[in-house]
Amino acid sequence: MDNNGHPLDRRRLLAGAAAASTLTLTGLAVAPTPGAAAAPAGAGTPLVTRDRIATAALRAPDGSAPAVRIRADFHDRLAAWLAFWSANSPRAWSAPTQVVARVAPAGDALDLHAVRYRRDDELRAGFAAVRRDATHLATLASLHHHFPSVRVQPDGTIRIGDGPAGFTGAPEQVAFAVAACRGLWGDAAATADRWREHAGRVLARAGRPADAASHAGWAAFTRTSLRRGLGTESYE
């Protein structure tokens, strides 16, 4: 089901921040990864200085928060993504308070290291790159729901490239679908050659039968995988 029991004020707080996208964002600029696919150029898209994503402060992996320049549309999409991730996280988690990441110099890509929330007055990681578990796959699902370019790097960090969401058939999308079918849905037989068949079983199990390679099917597959990975829906 779509309503997972979160208080409305939490949903509205994040959704409002995502829609307005007027808050500031900080991070540490890094050079592009060698051999990485280029994100869409987005000629004419302005760069803005920001120090937050939605309601969450951005921190570099070393804990610092130097100001960066980021593409305005990319910041909007990141805010919408974080609201989506939070709205589908466990009820006991607060709205995210920190996003640990590095922003590329061109402002069109971000390397995600962690998403932190508060619980019982403690700062905890709802997602951590070094933790290859269900929350890692769930966060990948949420990012694939919002962005066309999402790639896991060797250290577990996730590189996100700007652009409108949707299934493109990219190898990274197929690899994610296979990993989600295996790691989240218990389908050890899932393969790259027949991933649509396996993902289709997942959607049927969740009560949303569709072709996972379609726009609606990809959105449903990533949404249900996020919820299963964060433990807010079991679909049993």
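What span should the 13 residues of helix H4 (residues 171-183) have at 1.5 Å a residue, and how far apart are its end C-alpha atoms? The expected span is 18 Å and the end C-alpha atoms of H4 lie 18 Å apart, so the two values agree. The structure is a predicted model. The protein contains six helices and ten strands, and buried residues account for 50% of its 236 residues.

**Helix H4**
- The buried residues in H4 are Gln173, Val174, Phe176, Ala177, Val178, Ala180 and Cys181.
- Packing partners of the buried H4 residues are helix H3 (134-146), helix H5 (195-205) and helix H6 (215-230).

**Helix H2 and the nonpolar core**
- Helix H2 comprises 16 residues (72-87) and extends 23 Å from its first C-alpha to its last, close to the expected 22 Å.
- Buried positions of H2 include Phe74, His75, Leu78, Trp81, Leu82 and Trp85.
- The largest nonpolar core holds 54 residues, and Trp81, Leu110, Leu112 and Phe221 have the most contacts inside it.
- H2 supplies the largest share of this core, with seven residues.
- In soluble globular proteins, nonpolar side chains tend to be buried together.
- Leaving aside residues up to four places away in sequence, Trp81 touches Leu112, Val115, Thr139, Ser142, Leu143, His146 and Phe147.

**Overall contacts and surface**
- Among contacts with a separation of 6 or more, 62% join residues 24 or more positions apart.
- The exposed area of the protein is about 10,100 Å², of which carbon and sulfur atoms supply 54%.

Note on methods
Residues are numbered from 1 along each chain as its sequence is written. This is a predicted model: local features need pLDDT of at least 70, side-chain atom pairs count only at pLDDT 80 or more; totals for chains, interfaces and linings use all residues. Side-chain values use heavy atoms; hydrogens and water are left out. Helices (H or I, at least four residues) and strands (E, at least two) are DSSP runs, numbered from the N terminus. The expected span of a helix is 1.5 Å times one less than its number of residues. Buried means under 20% relative accessible area, exposed over 50%, partly exposed in between (1.4 Å probe, protein chains only). A nonpolar core is a set of buried Ala, Val, Leu, Ile, Met, Phe, Trp, Tyr and Cys residues joined through side-chain atoms within 4.5 Å. Contact means heavy atoms within 4.5 Å. Accessible areas come from the Shrake-Rupley method with a 1.4 Å probe; for residues, only the protein chains shown count as cover.
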